[in-house]
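Work through the exercises below with the model open beside you. Try each task before reading its solution.

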Amino acid sequence: LLLALQVRLVMKAHSFIRENVPRVLSSVKDKSGTVHIPRISQYLYFLFAPTLIYRDNYPRNPTIRWGYVATKFAQVLGSLFYAYYIFVRLCIPQFHNSSQETFNLRGLVLCIFNSILPGVLILFLVFFAFLHCWLNAFAEMLRFADRMFYK
């Protein structure tokens with residue numbers, strides 16, 4: 001989780017620098033008196049907005065739909081409970097039974113194959129909970145209107 005957060009912050013810093021350094025350098029080269037430097041509020045909004053491309057202004061919705069935000073957070077919570085249920089019912093019994101037996105290759109292969117379906121379900125839940133629900137909830141709270149996450 002920490003590594004993913006650090007990678008996201010490095011990617012955002014790279015985008016911020018890539019968009020602003022050419023502007024500053026061109027204004028210095030032209031020797032114009034005004035150098036457009038982004039405000040701190042623009043940078044902070046960019047840090048929390050669900051995008052990796054820095055712009056000075058983003059399309060914004062006029063209001064926040066709090067019911068939509070609550071629904072998305074409820075879906076994240078439901079996904080967490082469903083993932084817990086999958087682990088308790090499908091994964092833990094497989095590995096609990098294998099820990100009581102002596103090690104053999106057949107048992108290991110059976111455990112792995114019996115864990116493939118729950119693993120795929122967990123991947124789908126992570127995609128749905130984080131990339132769909134979590135990002136849409138924060139996009140709505142920030143009034144971020146450009147929600148083309150999947151493109």
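The exercises that follow concern a predicted model.

**Exercise 1. Compare the expected span of helix α1 with the distance between its end C-alpha atoms.**

Solution.
- Helix α1 covers residues 2-29, which is 28 residues.
- The expected span is 1.5 Å times one less than the number of residues.
- That gives 40 Å for α1, and its end C-alpha atoms are 40 Å apart, so the two agree.
- Now look along α1: a kink of about 25 degrees lies at N20, shortly before the proline P22.
- N20 is also one of the buried residues of α1, together with K12, S15 and S27.

**Exercise 2. Do the check for helix α4, then find where α4 bends.**

Solution.
- Helix α4 runs over residues 105-141, 37 residues in total.
- The expected span is 54 Å; the end C-alpha atoms lie 51 Å apart, which agrees.
- The bend is at I116 and is about 35 degrees.
- A proline, P118, follows within four residues.
- After α4 comes R143, with a positive phi near 60 degrees.

**Exercise 3. Which parts of the chain does each salt bridge link?**

Solution.
- The count comes to 3 salt bridges.
- Take R55 and E19, whose side chains meet at 3.3 Å, N to O. R55 is in the loop between α2 (40-48) and α3, and E19 is in helix α1, so the pair ties together parts 36 residues apart in sequence.
- Take R23 and D56, which meet at 2.6 Å, N to O. R23 sits in helix α1 and D56 in the loop between α2 and α3, 33 residues apart.
- Take R65 and E140, which meet at 3.1 Å, N to O. R65 belongs to the loop between α2 and α3, E140 to helix α4, and 75 residues separate them.

**Exercise 4. Is E140 buried or exposed? Classify R65 as well.**

Solution.
- Buried means under 20% relative accessible area.
- E140 has 1%, so E140 is buried.
- R65 has 45%, so R65 counts as partly exposed.

**Exercise 5. What secondary structure do the transmembrane regions listed by UniProt have?**

Solution.
- The unreviewed UniProt entry lists residues 66-87 and 107-135 as "transmembrane region".
- Residues 66-87 are 100% helix, with end C-alpha atoms 32 Å apart.
- Residues 107-135 are also 100% helix, with end C-alpha atoms 40 Å apart.
- L80 lies in helix α3 (residues 66-100). L80 is exposed, at 55% relative accessible area.
- A nonpolar surface patch includes V109, I112, I116 and F124 among its members, and the whole patch has about 930 Å² of accessible area.

Terms used. Residues are numbered from 1 along each chain as its sequence is written. This is a predicted model: local features need pLDDT of at least 70, side-chain atom pairs count only at pLDDT 80 or more; totals for chains, interfaces and linings use all residues. Side-chain values use heavy atoms; hydrogens and water are left out. UniProt positions are given in the numbering used here, feature names are shortened, and annotations may be inferred rather than shown by experiment. Helices (H or I, at least four residues) and strands (E, at least two) are DSSP runs, numbered from the N terminus. Buried means under 20% relative accessible area, exposed over 50%, partly exposed in between (1.4 Å probe, protein chains only). The bend at a residue is the angle between axes fitted to the seven residues ending there and the seven starting there. Patches are made of residues with over 30% relative accessible area and no salt bridge: like charges are joined within 9 Å, nonpolar side chains (Val, Leu, Ile, Met, Phe, Trp, Tyr) within 5 Å. Accessible areas come from the Shrake-Rupley method with a 1.4 Å probe; for residues, only the protein chains shown count as cover. A salt bridge is a side-chain nitrogen of Lys or Arg within 4 Å of a carboxyl oxygen of Asp or Glu.
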